[in-house]
Each structure stands twice: as C-alpha cells, then as structure tokens.
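New to this one? Have a look at the chain before reading on, and then we can walk through it together.

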Amino acid sequence: MDKASDYRCWDELIPDALALIFRNLSLQEILTVIPRVCKSWGRAVSGPYCWQEIDIEEWSKSRQPHHLDRMLRMLITRSCGSLRKLSVTGISNNSIFSFLVEHAGSLENLQVPRSEISDSIVEQIAGKLSTITLLDVSYCNKIGAQALETIGKHCKLLLVLYRNMELSSSADQFPLEDEAHAIAATMPKLKHLEIAYHLLIGNESVLKILSSCPELEFVNLTGCRNVKLDSNFLKEKFPKVRFLGPHLLEHYDMNDWDLDAAERFAQY
C-alpha cells in the first residue's frame, strides 16, 4: 500500500464526526485554534454541528454580563435551531433569555442557575419550551411559584427539576410553600427533584409533592429544616424514592469534611 494511505485525512471527516471530536476541547480552543487549522475544520465550528450541546457554565462564572450575552448570542445563532442542551450561569436579563428560547426549538436540557430572569418572561416564553426534559433554575431569585406553575403547564415532558436555593437567603424570598404546591400541581412526571435549602418548605408541602408525582425516584431536601418526616415512614410510604436530607450539616464545604461527617451525610 502507498505510505500516504497510512495517514488519516482529518480534513475530510464529515462535520458531524468532527464535532464529536471537538467537543472534547475547551471553548477557547474551539473558537480560536480549530478554525485556523484548515477550511473544513473552520466550517465545522462555524456551523451548527459543534453547538447542539453548549456547556459554558464554568466559563460564564467569571465573565461580565455583556461578554456573556455576546457569547450566547453567537453560539446560539451558530446552532441554527438544533440546540439540545445549554448550560450557563448568570444570565443577566430577560432579553437574552428570550433570545435563546426563540432560537432553540429543539432544546431538551436547560441549565440556567443564578440567572436574573423574571416570572413575566417565563410566562411569555414557556410555551416554546415544550421539549424540555431537564431544567435547572436554582438560585434564580427573581422567579417564584408563578414561573414554576407556568413551566409545569407547558413543559409536559419535564423529568428533572433543580430548584435549589442559597443557604442564607431563601427565607427572605418568595413564599416557598407556593413553589412546592406549583410543583405538585403541574409536574406529575418528575423523576428527579432538588429543592435544597428551601427554608420555608415543610412536611405538608413535601408530602403533597410526593403524592402528586408518583414517578419520583430521587428528592434532595438538604437544608429544608422545617421538614421533619420520619425516615421509616418515608421508606414505607414511598419505597421507590431515595431521599437526601433534610438534615443541614454545619460544615458544607467538601474540603472541610472529615470521614465521619461524610459518612453521616451519605446515610441520608
């Protein structure tokens, strides 16, 4: 055989295959290094193939709002409506949230913790999130029960919900019992629910969720200090559900945990 045949022609790979390879690289490498290698690689990263799954959560934590907005608009535009997963933290306004929903008709996994989105914008765009199966709106302090109810009514495929709150601030926010009731009333297909550090949620709300969401398999109640349900009762009444919490650890920094603390945490 010709010696040249021993070498792979990477520039001749179809864009879908290149995209699978490029996903193992950093965002900076995909945007600045790959386009300079050759024309075919440049076309691959400028088209939708690399942007069906966008995970810029770590990158977004240290960026100014205007830089984050520009990056989101560019990447979402490149996805050409094929976006299936988006993970980003700290969306700063309703405008960019509306933009991403308008251009993401195939979105299944949406993770936007610590974002400045409001009940009003969620009500306006929730109808376009009908394909969502996983949603993370943890630490989004400007939304409440109204937004969750709207999401539940429109996102009938929703299986996973993250609605964790800050350790010290949730008691000063919205009436969180209403959030629990919204979840129970509109999200019957949930399998995974995290509502850690909802300091106002109590026994009645948790039991309402458990009774109304029969497909639940996991519930995170860490830090929900008003939930005082007997573990034996929960095991007997809801044998399919695994629970984490609600007991609140005094030291929740993983770097400070000793072995005994880790073992105590693991039993919940």
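Here is a short tour, from the whole chain down to single residues.

**The whole chain**

First, a caution: this is a predicted model. The protein chain has 268 residues, and 46% of them count as buried. Its secondary structure comes to 12 helices and eight strands. How much of the contact network joins residues at least 24 apart? Taking contacts in the chain between residues at least 6 apart in sequence, the share is 69%. As for the outside, the chain exposes about 14400 Å², and 51% of that comes from carbon and sulfur atoms.

**Helix α6 and its surroundings**

Let's zoom in on helix α6, which covers residues 94-102. Its buried residues are Ile96, Phe97, Ser98, Phe99, Leu100 and Val101. What do these buried residues pack against? They pack against two helices, α5 (65-79) and α7 (119-125), along with the strands β2 (85-87) and β3 (109-111). At the start of α6 you'll find Asn93, with a side-chain oxygen that reaches to within 3.0 Å of the backbone nitrogen of Ser95.

Phe99, one of those buried residues of α6, also has a charged partner: Arg73 lies over the face of its ring. Arg114 does likewise with Tyr139. Here are the two pairs side by side.

| Residue over the ring | Ring | Distance from the ring centre |
|---|---|---|
| Arg73 | Phe99 | 4.8 Å |
| Arg114 | Tyr139 | 4.2 Å |

Pairs of one aromatic ring with another are a separate matter, and the structure holds zero of them.

**A loop residue: Gln52**

Now for a loop. Gln52 lies between α3 (39-46) and β1 (53-55). Is Gln52 buried or exposed? Its relative accessibility is 18%, and buried means under 20%, so Gln52 counts as buried. Which residues does Gln52 touch, leaving aside its neighbours within four places in sequence? The contacts are Arg23, Ser82, Leu83, Arg84 and Lys85.

**The cysteines**

Last stop: cysteines. How many disulfides are there? The count comes to zero. Two cysteines can be placed by their accessibility. Cys155 counts as buried because its relative accessibility is 4%, under the 20% cut-off. Cys213 is buried too, with a relative accessible area of 1%.

Conventions:
Residues numbered from 1 in each chain as written. Predicted model: local features only at pLDDT ≥ 70, side-chain atom pairs only at ≥ 80, totals over all residues. Heavy atoms only, no water. Phe/Tyr/Trp six-rings, centres within 6.5 Å; stacked < 30°, edge-to-face > 60°. Lys NZ or Arg CZ within 6 Å of the ring centre and 35° of its normal. Disulfide = S-S within 2.5 Å. Buried < 20%, exposed > 50% of the residue type's maximum accessible area, 1.4 Å probe, protein only. Helix = DSSP H or I, 4+ residues; strand = E, 2+ residues; numbered from the N terminus. Contact = heavy atoms within 4.5 Å. Areas by Shrake-Rupley, 256 points an atom, 1.4 Å probe, with all protein chains shown as cover. Polar contact = N/O pair within 3.5 Å; in protein donor to acceptor, adjacent residues only side chain to side chain.
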